[in-house]
Structure formats: structure tokens, C-alpha cells
Amino acid sequence: MIRMEHVSRVLHGEVPVTLVDDVSLQIERGEFVCVMGPSGSGKSSLLYLLGLLDVPSSGTIWVDGQDTTGLDDDALGDFRLSRLGYVFQFHFLLQEFSVLDNVALPIRKLGRLTDEAARARASDLLDQFGLTGQHHKRPSQLSGGQRQRVAIARAMANEPLVILADEPTGNLDSVASANVRDMLRQLTRETNRSVVAVTHDASFASVADRRIGIVDGRIDMSWRPDGLA
Ligand SMILES: Nc1ncnc2c1ncn2[C@@H]1O[C@H](COP(=O)(O)OP(=O)(O)OP(=O)(O)O)[C@@H](O)[C@H]1O
Ligand SMILES: [Mg+2]
């Protein structure tokens, strides 16, 4: 689904800073992969590269078999909208829109469905993620866990191949965290999409198919968080 080979990301300031250092990895269809590591080790930087939100300084990233090197901003934007979905620690829902419109927005933007069909799909997704009866509320009227489920529904809007999540349970209590974790886990099993999630949460990581440790911008498979064997 996503493959990266010898990818590095260097910030060229007065003193160059290497955020990601020669990382090669492959995400398979239907896989639930957790990225873990100490604070500041480059996990978010790696996720932005995987999600085509940032561009490598060197190396190659393929998404859905296509080499993304050298694509311009428009082409990358199309790729992101049609093939990838994102969930962040802070939900980034638009407060001035209803929950339903937040989920319908990326569907309308892609422009493959009529407005009516976009709303119907958004409505189905919200029901699927346990948000029946919440469609016409504003994000501010929901709990943190509900908002994060709206964010997952929105990430699913255009049937992405891969969902990239950066600490999706970082702001949630343990019950809401387990709920979000189980929804993402179930999604990979039932729809054969892949999830790549950065997390500090050992219970979240315990359900992953694979855990990738990142230390100092490099893959370190010996790295283990506290509380995980
Ligand atoms: N725009 C930037 N300018 C300078 N340094 C940066 C920039 N973005 C990130 N960094 C540095 O790069 C390193 C990796 O950052 P990154 O956010 O990827 O880490 P992380 O593993 O996600 O950390 P956390 O667990 O705290 O979220 C950190 O040392 C950070 O300070
Ligand atoms: Mg981070």
C-alpha cells in the first residue's frame, strides 16, 4: 500500500537537523501498524512523510504502486484526498459545520458523488462509528471520544487505502481510548484498509499486527514502551 525506501528528511538551517534518517518500510493491505518511540524521535515526521503531507529530502515513497517523487502540490493533494485519511490528536473538525457536513466535506471536494449521495454516505459512516442521533450537532457539542470518532468517519469519507493517525487517543480517557482503538482495529479487519498509528499508549499498541520503534529518526526494532513485553 505504502512503501518507502531509504527515506530521509533533513531541515537545512544553520545547523542541519535530521528528522528521519534512512528509513525503509512497507505497509501491507489490511495491516494495523503502530509507530512508537521516545518523544522527539521523529514519529510524527515519519507519519507526515507516509501521508504525503511532507516531502522527503532523499529516498522514494510509493503509494498504491505509484512513485510519488516529484509530484507537484496539486497531484499530491489529489493523492491525499482520494487515497489517504488522517486522524490527529486534536480532531481538526470545523466548528462552524455540523458533524454530518464535516464528514461530507471531503466527499464533496473529491466530486465523485452528488451532494445527496455525499450526505448519505457521511450519514452511513457516522452511524457505523456509533454516532446515530449526533449528525446535526456541532463538534463542540460532542465528547472528546465522539469527536475522535467523527474524525475517523471523516478519514474514511473517500474510502482511503490507508489511514494515518498521530496519537489518536492522546486526549482521551481510557474508555474512549479503547473505543477508538477498537474501531480502528475493526476497520482494518472488516474493510481491508491499513492503519498506521503513532501512539504512546501500550494498550493501543498491544492490538497492532506490527510495531515499529523509532529512535533518533531511525527504525529501532528493539525499542519497547513501558508496559509492553
Ligand atoms: N520544523 C521544525 N524545526 C526544527 N526542528 C523540528 C521541526 N519539526 C520537528 N523538529 C524536531 O525534530 C524531531 C522529531 O520531531 P517529531 O515531531 O517528529 O517527534 P515525535 O517523535 O513525533 O515526538 P512526540 O512523541 O513528542 O510527538 C524533534 O527533535 C523536533 O524537535
Ligand atoms: Mg509527534
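The buried residues of α2 (buried meaning under 20% relative accessible area with a 1.4 Å probe, protein chains only) are covered by elements that include β4 (58–63), β5 (66–67), β6 and α3; contact here means heavy atoms within 4.5 Å. These buried residues are L76, F79, L81 and S82. Helices (H or I, at least four residues) and strands (E, at least two) are DSSP runs numbered from the N terminus. The model is predicted, with local features needing pLDDT of at least 70 and side-chain atom pairs pLDDT 80 or more, while totals for chains, interfaces and linings use all residues. Residues are numbered from 1 along each chain, and side-chain values use heavy atoms, without hydrogens and water.

Turning to the interior, the largest nonpolar core (buried Ala, Val, Leu, Ile, Met, Phe, Trp, Tyr and Cys residues joined through side-chain atoms within 4.5 Å) holds 34 residues, and L126, F129, V150 and L184 touch the most other members. At least two residues of this core come from each of β3 (32–36), α3, α4 (115–128), α5, β7 (162–166), α6 (174–191), β8 (194–198) and α7 (202–205). Another core, of 28 residues, lies apart from it and includes L47, L49, Y86 and V198. Leaving aside residues up to four places away in sequence, F129 touches R149, I152, A153, M156, M183 and L187.

As for open space, the largest pocket (an open set of points on a 1 Å grid where a 1.4 Å probe fits, with protein on both sides within 12 Å along at least five of seven lines; lining residues have an atom within 4 Å of a point) has 19 lining residues, with L81, Y86, P106, K109 and R154 nearest its centre. α3 gives the most to this lining, with 4 residues.

Terms used. Chains lettered and ligands numbered in written order. Buried < 20%, exposed > 50% of the residue type's maximum accessible area, 1.4 Å probe, protein only.
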